[in-house]
Amino acid sequence: MIKVFRKKRYDLMEKKNTGKYFKYAVGEIVLVVIGILIALAISNWNSKRNQKNRNHQFLVKLSKELDQNIDRSILMDSISGGFKNRYISADSVLRILNKGITIEDLDFITSEPWYFTAPFNLNTNIFEELKNTGSLYAIGSDSLVSSIQEYYQLCKRESFYNLEMGKSVSNRQEKYYEGFFNFSHLYQQNPEKAIANHPWIFDPQSQHYLYYQQYTILLKIHSNLMVRKLKNIIKTSEELKQLISEEIKKM
C-alpha cells in the first residue's frame, strides 16, 4: 500500500501537481502512524497476556506454598513431642510438681518426652522469588499484595518468637538436666539407686526440684503459646488461599 502511495507521489511530483502531492504525502504518513499504533497495540496485548500467564503461574505456586505451610504447622503438633502434646505433658507434670512428687508418680514423670527446640521452618521461596523478580506488585490487586506481605511478615515474626522463647526454655533446661534428667536416666536402669542418689526428688524446697518446676512452667507457657500461633498461621494461610483463588477466577 505504501509503495502505491509512493509511486503516485512521484508521478504527481513529475506532473508538478503540488496540492495532490502533499495530500498523498500526508496519507502516506497517516498510514505509517496507523501501522505503528497497530503494532504497539499488538505488542501491548501480548505483553498483558504474558503478564497474565506469569501471574497465574505465580499464584498457583504461591497457593501450593501455603499448603506446605499448613501441612508443616499441623505436623508441628501431630508428631510425638509436638507443641500440643508437649503442653499436655507439661501441664500433667506441673500438677504433680505442685502437689509434691510421690513414689507412685515416678514412672509417669520419667516416661514423658524431653523438650527440644523445633523451628517452624515455614516455606517462603515463592514469596522471595516474587520480590527478587519484581513481580510482587503486579501479581494482583493491591489488597491481595498487602495480604501476601502481611502473611509472610506473620510467618517470619512467629518463627522468630518461637526460637527466642525456645532459648529461654533451653537456658532453664541446663539446670533441669543437672537434676531431673540425671535422675530419670538412672531411674530407667535402677529405680532404687536413682531414689537413693537423688533424695531431692521428694523435696519441693530443694534447688533441683525448683529448677524442674520452673523449667516445666516455661515449657507449658511456650508450648501453649506456640499452639495458638500455629493455629493462627493455619487460619491465615487458608484465608490467603481463598483470596488467591478469587484472583485466579478473575483472570
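Colleague: How many aromatic pairs does the count come to here?

Modeller: The count comes to 13 aromatic pairs. Keep in mind that this is a predicted model.

Colleague: Take Phe127 and Tyr152. How do I read the way their rings sit?

Modeller: Look at two things, the distance between centres and the angle between planes. The ring centres of Phe127 and Tyr152 are 4.4 Å apart and the planes meet at 5°, so this pair is stacked. The two residues come from distant parts of the chain, with Phe127 in helix H5 and Tyr152 in helix H6, 25 residues apart.

Colleague: Is each of those two buried or exposed?

Modeller: Phe127 is buried, at a relative accessible area of 9%. Tyr152 is buried too, at 4%. Now set them beside another pair: Phe160 and Tyr161 are tilted, with 6.0 Å from centre to centre and 55° between the planes.

Colleague: And why does Phe160 count as partly exposed?

Modeller: Because its relative accessible area is 47%, and partly exposed covers what falls between the buried limit of 20% and the exposed limit of 50%. Tyr161 counts as partly exposed as well, with 36% relative accessibility.

Colleague: Which residues form the aromatic cluster?

Modeller: Tyr176, Tyr177, Phe180, Phe181, Phe183, Tyr187, Trp200, Tyr212 and Tyr215 form one cluster.

Colleague: Let's go to charges. How should I think about salt bridges, and how many does the structure hold?

Modeller: The general idea is that side chains of opposite charge can pair when their charged atoms come close. This structure holds nine salt bridges. One of them joins Asp91 and Lys220, whose closest N and O atoms are 2.7 Å apart. That pair links distant parts of the chain: Asp91 belongs to helix H3 (residues 83–99) and Lys220 to helix H8 (residues 207–250), with their positions 129 residues apart.

Colleague: How accessible are Asp91 and Lys220?

Modeller: Asp91 has a relative accessible area of 15%, which means it is buried. Lys220, at 22%, is partly exposed. There's a third partner to click on as well, since a network of salt bridges links Asp91, Arg95 and Lys220.

Colleague: Where would I find salt bridges within a helix?

Modeller: Try helix H5 (residues 125–132) and helix H6 (residues 142–189). In H5, Glu128 and Lys131 sit three residues apart, about one turn of the helix. Their closest N and O atoms are 3.5 Å apart in the salt bridge. Both ends are partly exposed, Glu128 with a relative accessible area of 32% and Lys131 with 42%.

Colleague: And the one in H6?

Modeller: There, Glu164 and Lys167 are also three residues apart, about one turn of the helix. Their side chains meet in a salt bridge of 3.0 Å, N to O. Glu164 is partly exposed at 33%, and Lys167 is partly exposed at 47%.

Colleague: Now Glu65. What is the nearest side chain of opposite charge, and how far away is it?

Modeller: The nearest one is Lys61, 9.3 Å away. Glu65 is buried yet has no salt bridge. Its place in the fold is helix H2 (residues 18–78).

Colleague: So what does the side chain of Glu65 make a polar contact with?

Modeller: One partner is the side chain of Tyr152, at 2.4 Å. You met Tyr152 earlier, in the stacked pair with Phe127. Also, a polar atom of the Glu65 side chain lies 2.9 Å from the backbone nitrogen of Asn125. Leaving out residues up to four places away in sequence, Glu65 touches Asn123, Thr124, Asn125, Ile126, Phe127 and Tyr152.

Colleague: Last topic, the nonpolar core. Which residues touch the most other members?

Modeller: The background is that in soluble globular proteins, nonpolar side chains tend to be buried together. Here the largest nonpolar core has 28 residues, and Phe120 and Ile148 touch the most other members. H2, H5, H6 and H8 are the elements that give two or more residues to this core.

Colleague: What is Ile148 in contact with?

Modeller: Setting aside neighbours within four places in sequence, Ile148 contacts Leu62, Phe127, Leu136, Ile139 and Leu240. Apart from this core lies another one of 21 residues, among them Val93, Ile96, Phe183 and Tyr212. Phe183 and Tyr212 also appear in the aromatic cluster.

Definitions and conventions: Residues numbered from 1 in each chain as written. Predicted model: local features only at pLDDT ≥ 70, side-chain atom pairs only at ≥ 80, totals over all residues. Heavy atoms only, no water. Helix = DSSP H or I, 4+ residues; strand = E, 2+ residues; numbered from the N terminus. Buried < 20%, exposed > 50% of the residue type's maximum accessible area, 1.4 Å probe, protein only. Lys, Arg positive; Asp, Glu negative; His and termini not counted. Salt bridge = Lys/Arg side-chain N within 4 Å of Asp/Glu carboxyl O. Polar contact = N/O pair within 3.5 Å; in protein donor to acceptor, adjacent residues only side chain to side chain. Contact = heavy atoms within 4.5 Å. Core = buried A, V, L, I, M, F, W, Y, C linked by side-chain atoms within 4.5 Å. Phe/Tyr/Trp six-rings, centres within 6.5 Å; stacked < 30°, edge-to-face > 60°.
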